[in-house]
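This briefing introduces the structure shown below to a reader who has not met it before. It takes up the domains, the confidence of the prediction and the contact between chains in turn.

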Amino acid sequence: MTAMPATATHQPATAGPAAELDAADRRLINRLQDGLPLVAAPYAAVAAELDLSEGELLYRLERLLEAGVLSRFGPMYHAERLGGGLTLAALAVPERDFEAVVDAVNAFPEVAHNYRREHALNMWFVLATETPERIQEVIAEIEAATGLPVFNMPKEEEFHVRLHLPV
Amino acid sequence: MSVSTCPSESPSLLDATDRAIVLATQAGLPLVPDPWGAVGRPLGLGAEEVRARLARMQEVGIVRRIAAVPNHYRLGYVANGMTVWDVDDARIVRLGREVATLPGVSHCYRRPRHLPDWPYNLFAMLHGHTREEVERQAEALRALLGEACRDHRILYSSRILKKTGLRLAGRPGAGRKPEPRR
């Protein structure tokens with residue numbers, strides 16, 4: 001693996017340009033990645049911490065969501081504890097078939113995320129199902145639809161899940 | 001597993017009212033001064049009940065937290081590497097917990113190997129402004145793992161093929177009917 005700066009060719013097709021953020025936006029993004037307090041007026045509580053008015057905080061938050069700087073704001077649910085199934089799976093897709101396999105895999109509503117990655121295993125997707133049992137069924141259906149073996153990599157232990165990107 | 005950082009998982013932690021709150025907030029929390037009241041109104045619930053139920057769900061880990069999810073790329077984090085490590089099984093639990101505390105690591109899991117094709121059992125997602133930054137983070141991880149690690153790779157994402165996020169279907173306890181496929 002050679003060390004090289006990211007260039008345009010490495011960016012996903014859906015990446016937008018880096019957003020223009022002012023100091024208050026940055027404080028807001030950093031603070032709200034940590035979680036909203038579960039108090040009666042939570043936005044007012046966070047606004048007070050950041051020395052903003054509640055109205056300004058709500059306006060900025062709405063603008064950051066509309067601009068796609070934030071992809072979501074709300075409760076982050078733990079799929080397994082909601083009773084569902086969740087796994088990470090990978091395929092080694094021949095280059096000539098790649099686009100057809102993208103279509104076949106993405107057609108499954110259980111595929112929540114799908115990324116192309118630079119490896120012989122070049123397609124990595126997350127399956128989220130209504131029940132844990134459904135995971136194996138969907139894997140079998142994907143194998144049938146693509147003719148490729150699915151590498152199933154369910155988590156065996158979770159050490160950390162906390163995306164925090166300081167800005 | 002007694003050493004797990006994950007408490008035992010029970011799917012029966014949700015009653016029908018909790019489930020209605022989950023469904024009502026999957027797309028996001030309303031951006032109004034009283035978000036709990038706004039969630040509760042169509043469900044016939046008061047603000048305090050919604051707040052207390054979400055607090056309980058957060059307490060037991062059904063809700064990780066109520067937070068902003070940033071778009072990595074729009075924040076300038078254009079280098080996103082899934083690092084995978086072949087770590088001694090006897091030491092992976094202790095080391096995995098240490099890896100999880102390193103800067104740049106967002107998600108860190110133990111996953112099964114698929115020998116001989118896939119010898120890696122520890123996954124850590126790294127995020128940086130450049131690949132050089134991700135590779136410095138990976139070096140720190142490599143140093144921490146030391147001789148317990150036999151091999152590793154960094155798999156950069158080169159394209160987002162789908163990103164819809166997790167969705168819970170509407171009916172409690174019911175398997176979802178397959179949606180029509182092309």
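Domain bounds, as used here, come from an automatic or database domain assignment. On that footing, chain B of this predicted model is divided into domain 1, covering 2-67, and domain 2, covering 79-156.

**Domains of chain B**
- Taken over C-alpha atoms, the centres of domain 1 of chain B and domain 2 of chain B are separated by 32 Å.

**Confidence in chain A**
- The average pLDDT of chain A is 88, and 89% of the residues score at least 70.
- Residues 1-14 of chain A stay under 50 in pLDDT, and for this stretch the model has 23 contacts beyond four places in sequence.

**The contact between chains A and B**
- Chain A brings 80 residues to the contact, and chain B likewise brings 80 residues.
- On the side of chain A that touches chain B, at least two residues each are supplied by helices H1 (23-33), H2 (42-50), H3 (54-66) and H4 (98-106), and by strands E1 (70-77), E3 (111-117) and E6 (157-161).
- Strand E1(A) gives the most to this side of chain A, with 8 residues.
- The residues on the side of chain A that touches chain B divide into 46 nonpolar, 18 polar and 16 charged.

**Strand pairing across the chains**
- E1(A) pairs with strand E1 of chain B, residues 63-70, in the antiparallel sense and over 7 bridges.
- Within E1(B), B:Val69 is the residue that A:Arg72 stands opposite.

Notes
Residues numbered from 1 in each chain as written. Chains lettered and ligands numbered in written order. Predicted model: local features only at pLDDT ≥ 70, side-chain atom pairs only at ≥ 80, totals over all residues. pLDDT = per-residue confidence, 0-100. Contact = placed C-beta atoms within 7 Å. Helix = DSSP H or I, 4+ residues; strand = E, 2+ residues; numbered from the N terminus. Nonpolar A, V, L, I, M, F, W, Y, C, P; charged D, E, K, R; others polar. Pairing = 2+ DSSP bridges.
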